[in-house]
Amino acid sequence: ILSLHKISNLTIVNRTIEKAQTLAKSLKEKFGELDVKALSFSGDLPKIIDSTDLIVNSTSVGWEGGLIIDPDLLQKKHLVADLVYMPEETELLKEAKIRGAKTLPGKLMLLYQGASSFEVWTKTQAPVEQMHEALNKELSIYGKS
């Protein structure tokens, strides 16, 4: 999706540099014009965070609490997204808000991915409001939404 919006570069930061390199290589092959870098989480993240606009946590950290990033690295200019959808506001998102960053909770990503899939499969506009209500109802069963 990011390549469709004409981003010029992407940096993959992973706890395991080999996994970051594998993903970067795959993305370079698919989107040749995209400058993709692979970096290590512990050593490189603090060095590049100032030049970062979007931070996406795609790990399960946050599901049961906890942080994968030093919250002091977060800045007002960042958009911080967390793919975890329960709880709706993870510790990462809370810390980002404290520092003035914009946040995007995983529940909204889940909702709009579902809406997009609905539209692809049915060729009709997704009933997003009803889907949002159903998602809230379903997640409330688990007491974490």
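Is lysine 123 buried or exposed? At 71% relative accessibility, lysine 123 counts as exposed. The tour below returns to this residue after a view of the whole chain. Please keep in mind throughout that the structure is a predicted model.

**The whole chain**

Begin with the complete chain in a cartoon representation. The chain contains five helices and five strands. Followed from the N terminus, its elements run β-α-β-α-β-β-α-β-α-α. Rotate the view to see the extent of the C-alpha trace, which spans about 45 × 35 × 25 Å along its principal axes.

Next, display the surface. The accessible surface of the chain comes to about 9600 Å², and 55% of that area belongs to carbon and sulfur atoms. Of the 145 residues, 30% count as buried. If the charged residues are coloured, the 18 positive and 19 negative charges have mean positions 3 Å apart. As for contacts with a separation of 6 or more, 55% of them involve residues 24 or more positions apart.

**First stop: lysine 123**

Select lysine 123, which is located in the loop between helix H4 (106-122) and helix H5 (128-140). Its phi is near 60°, a positive value in a residue other than glycine. With a relative accessibility of 71%, lysine 123 should be visible as an exposed residue.

**Second stop: the nonpolar cores**

Hide the surface and select Leu45, Ile49, Ile55, Ile68, Ile69, Leu73, Leu74, Val80, Leu92, Leu93, Ala96 and Ala101. These 12 residues form the largest nonpolar core. Helix H3 supplies the largest share of this core, with three residues. In soluble globular proteins, nonpolar side chains tend to be buried together.

Within the selection, centre the view on leucine 73. Residues up to four places away in sequence aside, leucine 73 touches Leu45, Pro46, Ile49 and His78. Another core, of seven residues, lies apart from the largest one; Leu10, Ala20, Ala24 and Leu27 are among its members.

**Third stop: the loop between E3 and E4**

Where does isoleucine 68 lie? Isoleucine 68 is in the loop between E3 and E4. Its relative accessible area is 19%, and isoleucine 68 is therefore buried, the cut-off being under 20%. Show its surroundings: beyond residues up to four places away in sequence, isoleucine 68 touches Arg15, Phe41, Asn57, Thr59 and Val61. One of these partners, asparagine 57, is 11 residues from isoleucine 68 along the chain, and the two C-alpha atoms are separated by 8.1 Å.

Proline 71 is found in the loop between E3 and E4 as well. At 18% relative accessibility, proline 71 counts as buried. Leaving aside neighbours within four places in sequence, proline 71 is in contact with Glu95 and Arg99. A distance drawn from the C-alpha atom of proline 71 to that of glutamate 91, 20 residues apart along the chain, reads 9.3 Å.

**Fourth stop: the aromatic pair**

The structure holds one aromatic pair. Select tryptophan 63 and tyrosine 85, and show their rings. The ring centres are 5.4 Å apart and the planes stand at 85°, so the pair is edge-to-face. The two residues link distant parts of the chain, being 22 residues apart: tryptophan 63 sits in the loop between strand E3 (54-57) and strand E4 (79-82), and tyrosine 85 in the loop between E4 and helix H3 (91-98). Tryptophan 63 is partly exposed, at a relative accessible area of 32%. Tyrosine 85 also counts as partly exposed, at 27%.

**Fifth stop: a cis peptide bond**

Which residues does a cis peptide bond join? The bond joins methionine 86 and proline 87, and its omega is about 5°. Proline 87 has its place in the loop between E4 and H3.

**Last stop: lysine 28**

Finally, select lysine 28 in helix H1 (residues 17-30). Lysine 28 is partly exposed, with a relative accessible area of 43%. Not counting residues up to four places away in sequence, lysine 28 touches Leu34 and Val36. To end the tour, draw the distance from lysine 28 to glutamine 75, 47 residues apart along the chain: their C-alpha atoms are separated by 29 Å.

Definitions and conventions. Residues numbered from 1 in each chain as written. Predicted model: local features only at pLDDT ≥ 70, side-chain atom pairs only at ≥ 80, totals over all residues. Heavy atoms only, no water. Phe/Tyr/Trp six-rings, centres within 6.5 Å; stacked < 30°, edge-to-face > 60°. Helix = DSSP H or I, 4+ residues; strand = E, 2+ residues; numbered from the N terminus. Buried < 20%, exposed > 50% of the residue type's maximum accessible area, 1.4 Å probe, protein only. Core = buried A, V, L, I, M, F, W, Y, C linked by side-chain atoms within 4.5 Å. Contact = heavy atoms within 4.5 Å. Areas by Shrake-Rupley, 256 points an atom, 1.4 Å probe, with all protein chains shown as cover. Lys, Arg positive; Asp, Glu negative; His and termini not counted. Charge placed at Lys NZ, Arg CZ, Asp CG, Glu CD.
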